[in-house]
Amino acid sequence: MPKQPRPEALERLCKALSRLPGVGRVTSERLAYHLVQVPEAEALDLAEAIRTARREVRVCSQCFNLDQEDPCKICQDPHRDRKLLLVVEGPREVAAFEQSGYAGLYHVLQGRVSPLEGISEKDLSLQSLLRRVEEGEFKECCLAMNPDLEGEATADLCYSVLKKTGILVTRLARGIPAGASILQVQQPILSDALHGRRKY
Ligand SMILES: [Zn+2]
């Protein structure tokens, strides 16, 4: 019995979906079959949302955040603290810090050094960061990388680029996560938590 291949168009959809981050073969098949069986308007609405987002969302030429305007709304906002610059790995981190109530400016590195993924310092917006610090009125630059090996390496790199400007370079406090036990956290975290202690 010859095998019955999937319709070519469905196969193409499966392949396209499987290229998305975090989507494996099984999930891509489930999504593809779902999309060809829901009402057509629902599926086309997704296609249109992708098309619009791709067309409208752009990289801010100042901070490298994503927005529909350039400069982005954060860079344009006159009420933000223009003396404080928070350096983050990606635009998703900007959204997270916005939820936290942070009111300074950002610089998005567009990644982090990762030898395994072939990402080196050339791929990051480090020279733009240096230019902004040299030309801007910032008093403090806080490195807010993720607290893992690659994040630490990226923060070290940022520091080596920024130290010659003389700006105050800080980094996020690390502490004991809520719900964790003091006996379980690593020694550098415990030491950072002590350094970052504050008034009760
Ligand atoms: Zn911006």
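Which helix is the place of Gln 76? In this predicted model, Gln 76 sits in helix 4, residues 73-76. Its environment is intermediate. Gln 76 counts as partly exposed because 13 C-beta neighbours fall inside 10 Å, and burial would require 20 or more. A long-range pairing can be given for this residue. The C-alpha atoms of Gln 76 and Leu 105 are 9.9 Å apart, with their positions 29 residues apart along the chain.

The overall fold comes next. The protein contains eight helices and six strands. Their order along the sequence is α-α-α-β-β-α-β-α-β-α-β-α-β-α. The radius of gyration is 22 Å, well over the 16 Å given by the globule rule for 200 residues, so the protein is more spread out than a compact globule. The C-alpha trace spans about 70 × 45 × 35 Å along its principal axes. Of the 200 residues, 17% count as buried. Among contacts with a separation of 6 or more, 43% join residues 24 or more positions apart.

The chain is divided into two domains. Domain 1 covers 8-56, and domain 2 covers 66-195. Their centres, taken over C-alpha atoms, are separated by 34 Å.

Helix 3 comprises residues 40-56. The expected span for its 17 residues at 1.5 Å a residue is 24 Å, and the end C-alpha atoms are 24 Å apart, which agrees. The number of buried residues in helix 3 is zero, so this helix lies largely in the open. Ala 47 belongs to helix 3. With 10 C-beta neighbours inside 10 Å, Ala 47 counts as exposed, because the limit for that class is 12 or fewer. The C-alpha atoms of Ala 47 and Gln 37 lie 15 Å apart, at a distance of 10 residues along the chain.

Helix 7 offers another case. This helix runs over residues 149-162 and has 14 residues. From first C-alpha to last it reaches 20 Å, close to the 20 Å expected at 1.5 Å a residue. Its buried residues are Thr 154, Ala 155, Cys 158 and Leu 162. Viewed down the axis of helix 7, these buried residues fall within an arc of 100°, so they line one face of the helix. An α-helix has 3.6 residues a turn, so residues three or four places apart point the same way. On the other side of helix 7, Leu 149 and Ser 160 are exposed. What covers the buried residues includes strand 3 (81-88) and helix 6 (126-135), along with strand 5 (140-143) and strand 6 (168-171).

Cys 158 of helix 7 also features in the nonpolar packing. The largest nonpolar core has 25 residues. Those with the most contacts inside this core are Cys 63, Val 87, Val 88, Tyr 106, Val 108 and Cys 158. Two or more residues each come from strand 3, strand 4 (104-108), helix 6, strand 5 and helix 7. Strand 3 gives the most, with four residues. In soluble globular proteins, nonpolar side chains tend to be buried together. Around Tyr 106, contacts beyond its neighbours within four places in sequence are with Cys 63, Asn 65, Ile 74, Leu 86, Val 88 and Val 94.

Some backbone features remain. Most residues other than glycine have a negative phi, and most peptide bonds are trans. The peptide bond from Asp 70 to Pro 71 is cis, with omega near 0°. Pro 71 lies in the loop that links strand 2 (66-67) with helix 4. Phe 64 is not a glycine, yet has a positive phi of about 70°. This residue is placed in the loop between strand 1 (58-59) and strand 2. Phe 64 is buried, because 21 other C-beta atoms lie within 10 Å. Gln 110 likewise is not a glycine and has a positive phi of about 65°. Its position is in the loop between strand 4 and helix 6. Gln 110 counts as partly exposed, with 18 C-beta neighbours inside 10 Å.

Definitions and conventions
Residues numbered from 1 in each chain as written. Predicted model: local features only at pLDDT ≥ 70, side-chain atom pairs only at ≥ 80, totals over all residues. Domains from an automatic or database assignment. Expected span 1.5 Å × (residues − 1). Arc of directions from axis to C-beta. Contact = placed C-beta atoms within 7 Å. Core = buried A, V, L, I, M, F, W, Y, C linked by C-beta atoms within 7 Å. Rg over C-alpha atoms; globule rule 2.2 N^0.38 Å.
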